[in-house]
Amino acid sequence: MQKYSILWADDEINLLKPHILFLEEKGYAITPINNGAEAVEICETEPFDLVFLDENMPGMSGLEALSLIKRNKPSLPVVMITKSEEEHIMEEAIGSQIADYLIKPLNPNQILISLKKILDNKRIVTEKTNYNYQQDFRNISMAFQDYLDHEQWIEVYQKLIYWELAIDKTENKSMKEVLEMQKEEANRNFTKFIKEHYEDWLNDPNVSRPLLSHQVMKKKIFPLLRQKDRPVFFIVIDNLRFDQWKMMESEILNYFRLEEEMAYYSILPTATAYARNALFSGVLPLQMSKQYPNLWVDEESEEGKNNFEQEFVGKNLQRNHLNSKFTYQKILNVSQGKQAVDSINNMMQCELNILVYNFVDMLSHARTDVKMIRELAPDEAAYRSVTKSWFTHSALFELLKQLSELSVRVVITTDHGTIRVKRPFKIMGERNTNSNLRYKLGRNLNFKADDSVFEITQPEQFHLPRPQVTSRYVFAAEDHFFAYPNNYNYYVNYYRDTFQHGGISLEEVIVPYIQLISK
């Protein structure tokens, strides 16, 4: 164990000799002094890992010394020790950013726990996390050997996210590589699961199936509208993965009570034009193209694929015999985000308010195209961190904080997730083949079929439009991405290690649905 240096200031320091000897036997180096002024002075000249500071000392009080120590060394942990249990003293000490607060009479283990919590926290957390993950590693791997249904796959994915976030907090991240290998194994098995069951989910009403994109509003949002007890704010954050939601969750739950946290399965392709249109319209892409040909925009068109979301919502409400008054806003920049905040009073007059936030999607694209963004978010952990940083400073968070003071329900979800792609897969297609790296739609697609892809030769069976008689879909699985043979090396180097969507992976398909209610 590292030998830590502790400064202990107390006007009755001689009476604390047994405690000091106890800590020295545990390997800590203790410097005892008996007044606050000396504590401030010695902290300026000597390095300490932590300071114990008695609150009630003659001359300079502990609180006065604390203020001066923190002014010079704001990151130095200080533990306030006092005989007083008065609330105002506790609040003043806490407001001065103390590391801990102990009340006399002290006992040795109480002091030791405080030291370990502050100085050895990372080491202890690392050791415990690594040990616990090693225990759970076998359980997760064994689960892959058995048949998993759609609910169990959600449990596996959420467990992997739990360990990913836990390992992020460890000091040396020694288990990170092992976890990444286990995620790869999970995605291999999940791809097989999707290939075996996805078509049945769409066509057989008698099979057990997950909640899918086109069912979310009918099964989750419309029942809330029928309650007619408070306005519903339906917030869709494009490209939001479950791990990114977990980074935002602690901030949001300071203001809301969690009514429901669950996952639904995005339809294929896990791309905005398909998944989000299905989310809002309540029907699958093939039905959209047939029932609403004036709203559906096919792949070959240069027109934006999501220009008619508001109209799709209106059709969905009408089809389900709901005449709810609703608003729709798409937030693409800071100015539009502020406008949404300013329009809260108007939105409170409507039963349903839909807000689509595109930041996470723009972040994934910017990370591909802008070198500086890629350096800011070089890996999964950094990508999550950038997402959280955006959220905590965003107009969306300001909107949520204001909504928390009103009688509302808030639903946060997304249309699909995204995966960090690493392995190229060669494919050739005609000039009008779509450009997405995770799925291809076109005629005469030429590739070597294997487990890396999922080919659909009969799109109608999967409720997907077929622009041409011979058109077919090919989806990339796991962490593969499609690359053309022309200029192959440049293309691969440019897109490898970027975040993409459209294909089959846990990250893209299993997405969060969160229901909140104001406290």
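Hi everyone. Let me start with a working definition: a salt bridge here is a side-chain nitrogen of Lys or Arg within 4 Å of a carboxyl oxygen of Asp or Glu. Keep that in mind, and remember too that this is a predicted model.

So, which residues are linked in a network of salt bridges? They are Glu164, Asp168, Lys183, Arg241, Asp243, Glu380, Arg384 and Glu507. The structure as a whole holds 32 salt bridges.

Let's pick one pair out of that network. Arginine 241 and aspartate 243 form a salt bridge, with 2.7 Å between the closest N and O atoms. Are these two buried or exposed? Both aspartate 243 and arginine 241 are buried.

Next, a pair that spans some sequence. Glutamate 251 and lysine 388 make a salt bridge, and their closest N and O atoms are 3.9 Å apart. Glutamate 251 sits in helix H10, residues 242-252, while lysine 388 sits in helix H18, residues 380-392, so this salt bridge ties together parts that are 137 residues apart in sequence. As for accessibility, glutamate 251 is partly exposed, at a relative accessible area of 23%, and lysine 388 is partly exposed as well, at 26%.

Now for a pair of sequence neighbours. The side chains of aspartate 229 and arginine 230 meet in a salt bridge, at 3.9 Å from N to O. Aspartate 229 has 40% relative accessibility and therefore counts as partly exposed. Arginine 230 is partly exposed too, with a relative accessible area of 24%.

Let's leave the charges and turn to strand S16, residues 480-483. Which way do its side chains point? His480 and Phe482 point one way, Phe481 and Ala483 point the other way, and all of them are buried. S16 pairs with strand S12, residues 423-426, in the parallel sense, over 4 bridges. Within that pairing, phenylalanine 425 stands opposite phenylalanine 482 of S16.

Following the chain on from S16, we come to proline 485, in the loop between S16 and helix H20, which covers 488-495. Why does proline 485 count as partly exposed? Because its relative accessible area is 34%, and partly exposed covers the range between under 20%, which is buried, and over 50%, which is exposed. What does proline 485 touch, leaving aside its neighbours within four places in sequence? Proline 485 is in contact with Ile427 and Met428. And to give you a sense of distance, proline 485 and leucine 16 are 75 Å apart in space, C-alpha to C-alpha, and 469 residues apart in sequence.

That's my tour. Thanks for listening!

Technical notes:
Residues numbered from 1 in each chain as written. Predicted model: local features only at pLDDT ≥ 70, side-chain atom pairs only at ≥ 80, totals over all residues. Heavy atoms only, no water. Buried < 20%, exposed > 50% of the residue type's maximum accessible area, 1.4 Å probe, protein only. Helix = DSSP H or I, 4+ residues; strand = E, 2+ residues; numbered from the N terminus. Pairing = 2+ DSSP bridges. Contact = heavy atoms within 4.5 Å.
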